[in-house]
Amino acid sequence: MATTTIQVQISDAELKLLQSLIYQECGMYFDERRAHFLQDRLQRRLKHCGLDSFYSYYRLLTTREGKPELAALLENLTVNETSFFRNKPQIELFHKTLLEDLLKRKQERRDWTLRLWSAGCSTGQEAYTMAMLVCDALAYYYLRNPLPFEMPSPKPLIPPPWKVEILASDINYSVLRLAQEGMFSATSMEPVDYPYRLRYFDKVGDGYAVKKSLKEMVHFDFHNLKTEYLPPRNDVIFCRNVMIYFDEAEQKRLVEKFHRCLSPDGYLLLGHAESLFGLSDKYKMIHQNNGTAYQKIEVNG
Ligand SMILES: C[S@@+](CC[C@H](N)C(=O)[O-])C[C@H]1O[C@@H](n2cnc3c(N)ncnc32)[C@H](O)[C@@H]1O
């Protein structure tokens, strides 16, 4: 027997109300190209809540009791595509050039803490990639620049007195849970070369589990990039394939906020299809072998 689903019609006014609520809450902007996706997700949530109009749904979202539904709606609207070692040329630039420069500058100042942030981390592949590369770069740097500190046994991933703090944040609790679990399928591990698999993962059944020592380097947390507060003093911020869903005004606000929460000469890495062109002149572009990053320029006043 065929079943018919009756769809509640959404008026232009209701769509606008919901669009602007979503924009205010998380910065995601749904233009005409993405309106169909938005309507589809709204229909699903309306059905889930058992409501008969989009206006009632809007009213629910704006109440205190509607907060969990608002979070569920935002989760349904995010695109969470990600992968390990995404954008190889940029990853190479980070690994070979930016980290080397950072470690050198830090050592000169006897500042032994590296702070990195994966903003919009999805299921964690980006943050774990950063962690693996920092361990690698630091081990190589340490060999050439040993320090008179006793090496604990067993040898830690991060040689003393260096400290590495990686914050990985997202607006979507479901992806954060998966990221924290750190279990990855064989397919998602394809971009991870054998030596990295061996060093940083345990084979568990058909999948791979991130080793405890690497996991401990990354702190996963909920954070909405739309809010004014951003974690301070970051040496590197990866915010890749996130701004692409924001409109220009929100992108400008975000890169301004990033500027304030980067350490002097810190680096900002954006997605392949994103750039600071027309958004800010407070960063210097670094382009090397098809990899791009932006370095903070100190601005007086
Ligand atoms: C396409 S994924 C990118 C993942 C990773 N950065 C990468 O490039 O592989 C975009 C992520 O940004 C998150 N996101 C979207 N809007 C956000 C916001 N306002 N605050 C924090 N995270 C947000 C989404 O939940 C999603 O997980």
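**View 1. Polar contacts between the ligand and the side chains of Asp170, Asn241 and Arg86.** In this predicted model, a polar atom in the side chain of Asp170 lies 2.6 Å from an oxygen atom of the ligand. The side chain of Asn241 also brings a polar atom to the ligand, at 2.8 Å from one of its oxygen atoms, and for Arg86 the distance between an N or O atom of the side chain and a ligand oxygen is 2.8 Å. Taken on its own, the ligand has 600 Å² of accessible area, of which the protein covers 99%.

**View 2. The shell of residues around the ligand and the pocket that holds it.** The ligand is placed in the largest pocket, where 20 residues surround it. Those that come nearest are Thr82, Arg86, Gly120, Asp170 and Asn241, and the list thus includes Asp170, whose side chain has a polar atom 2.6 Å from a ligand oxygen. By residue class, the shell consists of 6 nonpolar, 9 polar and 5 charged residues.

**View 3. The loop between α4 and α5, with Phe85.** Phe85 belongs to the loop that runs between α4, residues 67-77, and α5, residues 88-109. The phi angle of Phe85 is near 50 degrees, which is a positive value in a residue other than glycine.

**View 4. Two cis peptide bonds, at Pro154 and at Pro161.** Ser153 and Pro154 are joined by a cis peptide bond, for which omega is about -5 degrees, and Pro154 is found in the loop between α6 (125-144) and β2 (163-170). A cis peptide bond also leads from Pro160 to Pro161, here with omega near 10 degrees; Pro161, too, is located in the loop between α6 and β2.

**View 5. The open sheet formed by β3, β5 and β4.** In this sheet 3 strands are arranged in the order β3-β5-β4, with antiparallel pairing. The edge strands, each of which pairs on one side only, are β3, residues 183-184, and β4, residues 201-204. Strand β5, comprising residues 207-210, runs antiparallel to β3 and is joined to β3 by 2 bridges, and within this part of the sheet Met183 stands opposite Ala209 of β5.

**View 6. The hairpin of β9 and β10.** Strand β9, residues 283-288, pairs with strand β10, residues 291-296, in the antiparallel sense, and the pairing extends over 6 bridges. Met285 has Tyr294 in β10 as its bridge partner. The two strands form a hairpin with 2 residues between them, and in the turn Asn289 has a positive phi of about 45 degrees. When following the side chains along a strand, the reader may recall that in a regular strand they alternate between the two faces of the sheet.

Technical notes
Residues numbered from 1 in each chain as written. Predicted model: local features only at pLDDT ≥ 70, side-chain atom pairs only at ≥ 80, totals over all residues. Heavy atoms only, no water. Near = heavy atom within 4 Å. Polar contact = N/O pair within 3.5 Å; in protein donor to acceptor, adjacent residues only side chain to side chain. Areas by Shrake-Rupley, 256 points an atom, 1.4 Å probe, with all protein chains shown as cover. 1 Å grid on protein atoms, 1.4 Å probe; cavity = no way out; pocket = protein on both sides within 12 Å on 5 of 7 lines; lining within 4 Å. Sits in = over half its atoms within 2 Å of the grid points. Nonpolar A, V, L, I, M, F, W, Y, C, P; charged D, E, K, R; others polar. Pairing = 2+ DSSP bridges. Helix = DSSP H or I, 4+ residues; strand = E, 2+ residues; numbered from the N terminus.
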